[in-house]
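Student: Could you take me through a close look at one part of this model, namely the helices where they pack, and then follow the contacts outward from there? I'd like one connected account rather than a list.

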Amino acid sequence: MTLPSAGLLAQAVVGGIFTGAVYGLLGLGLSLSWGLLRQINLAQFGLAFASAYLAYELQQHGIDALFALVLLPPVFFVIGAALQWVVERFRVTPFNSLLVSFGITIILEALIQWIWTADYRRLETPYGDLKLKLAGVYLPLPEMITLAISAALAAAVWLVMRRSDIGRAIRAAAEDAPIAIAFGIHQKALALGLAGLNAALAAIAGVCIALTYTLAPSQIFAWVGVVFAVVMLGGLGRPWGPLIAGCAIGVVEALTMAIAAPAWAPLVSFSLLLLLLLCRPGRA
Amino acid sequence: MGGAHVASGRESLGPIGRRADGGMKRKLALLLVLAIALAALPFVGLPQSWESILYLVFHWIALATSWNLLSGYAGYFSFGHGAFFGIGMYTTAVLTTRFDMPFAWTLPLAALAAALFGSALGAVAFRVRSVRGEVFALLTLAATFVLATVILNTPIDGGPGVYLNAVAVPTLARTASGSFYLLALGAAALALVVAVVVFHSRFGIGLFAIRDDEDVAEVMGVPTYRYKLVALALSSGIAGLVGGVQALFVAYVTTADTFGIALPLTVVLMAVLGGTRHWAGPAVGAIAITALLLGFTSADNAIAGRVVLGLVLIGVILFLPDGLLGGWMKRGARVRRLEGDAAARAVGADEIAAAAASPALREPSNPDAPVLLRTRKLAKSFDGVRALDGVDVEIRRGEILGLLGPNGSGKSTFINVVSGHYLASGGQVEFDGRPLARLAAHRVARSGIARTYQIPRPFAHLTVLENVALSAMFGAGSLGRRQAEAEAWEWLRFTGLASRAGSLPDSLNLHQRKFLEFARALAARPQLLMLDEVLSGLTPSEIDAAVALIERIRAGGTTIVFVEHVMRAVAALCDRVLIFDRGELLASGSFAEVMARPEVVRAYLGQEDEGASPAGAVEPEAVHAA
Amino acid sequence: MLLELTSIRVAYGAAVALWDVSLSVGAGELLCVVGPNSAGKSTLINTIAGLHRLAAGSFMFDGQDLSRMPAHRFCAQGIALVPESRRLFTGMSVRENLELGSYIPSARAHRAQSLERVCALFPMLASRLAQPAGSLSGGQQQMVAIGRALMARPRLLLLDEPSLGLAPSVVNDMFRAIRQVHADGIAMLLVEQNVGKALEVADRGAVLEEGRIVASGSPAELARRPEIRRAYLGADLEAPAPG
């Protein structure tokens, strides 16, 4: 096991941070859903990839991915709210909502494969190859955009949750719904809105994934394990949690890949997840 | 007393028609006949294509049924079945190719390896109390991925996968495919037999109780940790066996195919579709889904197949949450319930009145009777709040002791700690001379302590009879299943619930549910019975019936401890009362004596204004009840 | 009459908790409801707060029929709840809990003013605004719970067993605050286990037993009634004890 050069290590760390940014994006919606709605929503992954492929498709028709960032989230907001409405209408238990979201993801994955086939797809943008070089380390533009968006979203969610009335209302309703309702909080409407927001976050995550990764339908489930580890490590319902935890895990994975063999990297996150589940099951 | 229409002790009714003995033998006989008939098929000219199709069907029946042993029966939905299956596949693959072991020998080893892994996982996961539900599901999923990575990166696989084309297929039938057919049939038969036997056993009813309410099951005497572990070992072992067979069938084993997400998902879907609370549910689901997927075999249609799978999963959860068999069972139960309701209204009132009318001899309790339960400085804190603050109590054999005090004074916490529902934060409990404070709750039940819950917590999916029989099985009496059901009938008659034996608890009214709590507690044959606000919410006449029942219980030799607010019942029944106030014992003695004391009156009715509180007084920690 | 309940009936599934209960609270009046456990006192308060539906009977508040109103609109009508066992939002600070009390638009506009008044009423809270609500003692939490409800600028304040689990000196302070709020002209419905203190502050009282009102009248009248002593202390103690 030869230790790679400092330059390579630095690049690995930076790469890990960029990967962490994506983990953070995917994890944000999942964390809010689990922490504030008591639902483990696997559909986040399906929706994110659906958005990624849609962004790819839009690019094929000449609409730049950055426009997709503005177009897709509102559409997905509606989809997310609608799904939440169905779940509430049928009084689906928290565990069963996991199964339903699993089903949705399966359907989305199959549809994606049907429309775009299993071939690899790469979203090509004119700026996709731009790189900044800083102190011997390469910083690709799409990854930087992703990091910026991830941080901005975490900050925005944090601000709303901490400082605004609505954020407080959501947190109150998550902790004690009947009392929140007694103080005028329209808990049902807020739940729909929050679900919609999570779907919109998934949409944004998807566009960022499309910008930085090659897409294939089989990828969808590859992210599940890591992102769960990220969400639990970061603490359920905490806006900054997924990003910080994501970067931590991303960096550890990247270093593992650089120092040991690449194939061992998944072991890091899954073992961490196992440990977390045993020591800090993360019930909100 | 009414009851001409009530079934005899031999036939325990229930929506599942789960009978103690006769039912099981019949089902096993049926399975045997079916298995023999199916085994004969390859020898009478079954076309090879059919052999392959049926191989698949048997394969999935075995996987789904084995999954259900833990996940359906005990309610611990696992997403890790792929891991156990994969271990089985790789065990066979490695042993046959690298160690030249004959295929047949590898099968039991594959099962064993998978069972060991499952047991190890369970041994760790089940120790942590909060690993349930979604958390357990994720944990099993994570374990699968870790295992896959380890296998991929070590010499077990190393990357390229393992080829088994050189391995000899045992000649059980004329062709290889026929042999595989028979192997898969064997695995499916084994899985179903295990499922049936467990379903009808004491073990099985314990698992179902765990699913409905694990904490109460533990308090009733079910050894939950051990049972879950055994269920997981059985489940994973069978999956490993199926994996071993599959390894040779596909002749090429890779981690990607083995440890992917498809297998756990399919297995969950099959069981949920068929109904997880029934032994045959997963098999029904397996047949349905396999048939469905066979219609989508070409490449394009494979995608459509997955869409359909997803839609079916969602549809089942939304519209048929109990699965096909579950919905069918419920319909049957509803019919029986309506019949039962009408009959019960006619009979129930009479039964209860009759039960109340039987004379009870009120013997004065002996003040020199030996001490049955003693607590010393018993304490319990929740997040720094002291619900019980050093309580010394002595309970004598044969007495009825009342625990009184305002809300939040610690009475219910006392019961919860003594019965093992909560772990004491400090102090000791001695029962019948033996220390009790740190024992697991199910052992407390075995030693002879039973309790009722203030808000009745029956097992929702077990019938009234099964609820009571469970206590008899796991309580101090520790009876076998048949005896337990006979005993349960006695207690149902004692409490006037015999006509509701086959109903589910949610069809009972509050009074009946409280009496069910009584019957459950009594069936455990306790020496000490603890009643937690058992009279709250009852009408005056129902209270009278309950008081009469309690007197008859005491006449039978049981010591009773009784948290209550209905004062006339306390005055009528209790030999002694203890007054709790803010976690401490304020007074003890006879009811009249204690209630006359000024400090007790003050604790209950509140005090006069004592004038201005001293400036800068530090507020003491408030005490909350559990 | 600000609040008028007429022959209301409230049930949990098949179990009836309140049978034919009628009571009324006038503007600025303090009505206390006492009774033993499981008499239905909490159900009564929660129903008035909008958390339970009526199975029968009428519920009029300031001339408005509230029996069909969705639960989250009750606060805007002018009804605020101080729940049993406080039920603060423990994950949030004292300030956040108080501000949440003024979530409804009509209260939000006067938030700063209301906050000042609450701090004047409960001086010890002023120095603890940033503390997490869960870290306060029981008595302090009770103050926050009352403050939170006052932030909603209610016309009717509902208090569910506020003295539960509190030490005597704290109870005194709390009732002093209740008297002050009463003096400010806010109507109150006080459900209490501590009969002595409750009757001291009330304008009128009612006794709830097993889901029915069995006695009502002025505090002086009620204090003399045998129902009160019987409900709490058991059988009539005047009778000679059996030999």
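Tutor: What follows starts with helix packing in chain A, moves across to chain B and ends with two unusual backbone angles. Keep in mind throughout that this is a predicted model.

Let's begin with α2(A) and α4(A). Helix α2 of chain A covers residues 43–60 and helix α4 of chain A covers residues 94–116; their axes are 7 Å apart, at an angle of about 20°. Since angles under 35 degrees count as roughly parallel, α2(A) is therefore roughly parallel to α4(A). The crossing of this pair is left-handed. On the α2(A) side, the contact is built from Ala43(A), Phe45(A), Gly46(A), Leu47(A), Phe49(A), Ala50(A) and Tyr53(A). Facing them from α4(A) are Ser101(A), Ile104(A), Thr105(A), Leu108(A), Glu109(A), Ile112(A) and Trp116(A). Sorted by class, that contact holds 10 nonpolar residues, three polar ones and one charged.

Now set that beside another pair in chain A, α1(A) and α9(A). Helix α1 takes in residues 6–37 and helix α9 residues 224–234, and their axes come within 9 Å, crossing at roughly 60°. That angle makes α1(A) oblique to α9(A), and the crossing is right-handed. From α1(A), the contact residues are Tyr23(A), Leu26(A), Gly27(A), Leu30(A), Ser31(A) and Trp34(A). From α9(A) come Val226(A), Val227(A), Val230(A), Val231(A) and Gly234(A). By class you get eight nonpolar and three polar residues here, with no charged ones.

From chain A we can step over to chain B. The meeting of the two chains involves 36 residues of chain B in contact with 34 residues of chain A. On the chain B side, the elements giving two or more residues are α4 (103–125), α5 (133–153), α10 and α12 (299–319). Of these, α5(B) gives the most, with 15 residues. The chain B side as a whole divides into 29 nonpolar, five polar and two charged residues.

One of those elements, α10(B), is worth a stop. It runs over residues 262–274 and includes Met270(B). There are 28 C-beta neighbours inside 10 Å of Met270(B), so this residue counts as buried. If you set aside neighbours within four places in sequence, the contacts of Met270(B) are Trp60(B), Ala64(B), Pro282(B), Gly285(B), Ala286(B) and Ile289(B). For a sense of scale along the chain, Trp489(B) is 219 residues away from Met270(B) in sequence, and their C-alpha atoms are separated by 37 Å.

Next, the domains of chain B. The domain assignment gives domain 1 as 22–264 and domain 2 as 371–605. Their C-alpha centres lie 43 Å apart, and 17 residues of domain 1 are in contact with 21 residues of domain 2. On the domain 1 side, helix α7 of chain B (residues 202–219) supplies the largest share, 11 residues. That side has eight nonpolar, four polar and five charged residues.

Chain B also has a helix pair to put alongside the ones in chain A: α17(B), residues 481–494, and α18(B), residues 510–523, whose axes come within 9 Å and cross at roughly 135°. α17(B) and α18(B) are therefore oblique to each other, with a right-handed crossing. The contact draws on Glu487(B), Ala488(B), Trp491(B) and Leu492(B) from α17(B), and on Ala519(B), Leu522(B) and Ala523(B) from α18(B). By class, six of these residues are nonpolar, none is polar and one is charged.

Finally, the backbone angles. Most residues other than glycine have a negative phi. Arg91(A) has a positive phi of about 45° although it is not a glycine. Arg91(A) sits in the loop between α3 (65–89) and α4 of chain A, and with 9 C-beta neighbours inside 10 Å it counts as exposed. Glu161(C) also has a positive phi, near 50°, and is a residue other than glycine. Its place is the loop between β7 (156–160) and α8 (168–183) of chain C. Glu161(C) has 22 C-beta neighbours inside 10 Å and so counts as buried.

Key: Residues numbered from 1 in each chain as written. Chains lettered and ligands numbered in written order. Predicted model: local features only at pLDDT ≥ 70, side-chain atom pairs only at ≥ 80, totals over all residues. Axes fitted to C-alpha atoms, helices over the stretch in contact; angles between N-to-C directions. Helix = DSSP H or I, 4+ residues; strand = E, 2+ residues; numbered from the N terminus. Parallel < 35°, antiparallel > 145°, perpendicular 65-115°, else oblique. Left-handed = near helix turned anticlockwise from the far one by under 90°. Contact = placed C-beta atoms within 7 Å. Nonpolar A, V, L, I, M, F, W, Y, C, P; charged D, E, K, R; others polar. Buried ≥ 20, exposed ≤ 12 C-beta atoms within 10 Å, placed from the backbone. Domains from an automatic or database assignment.
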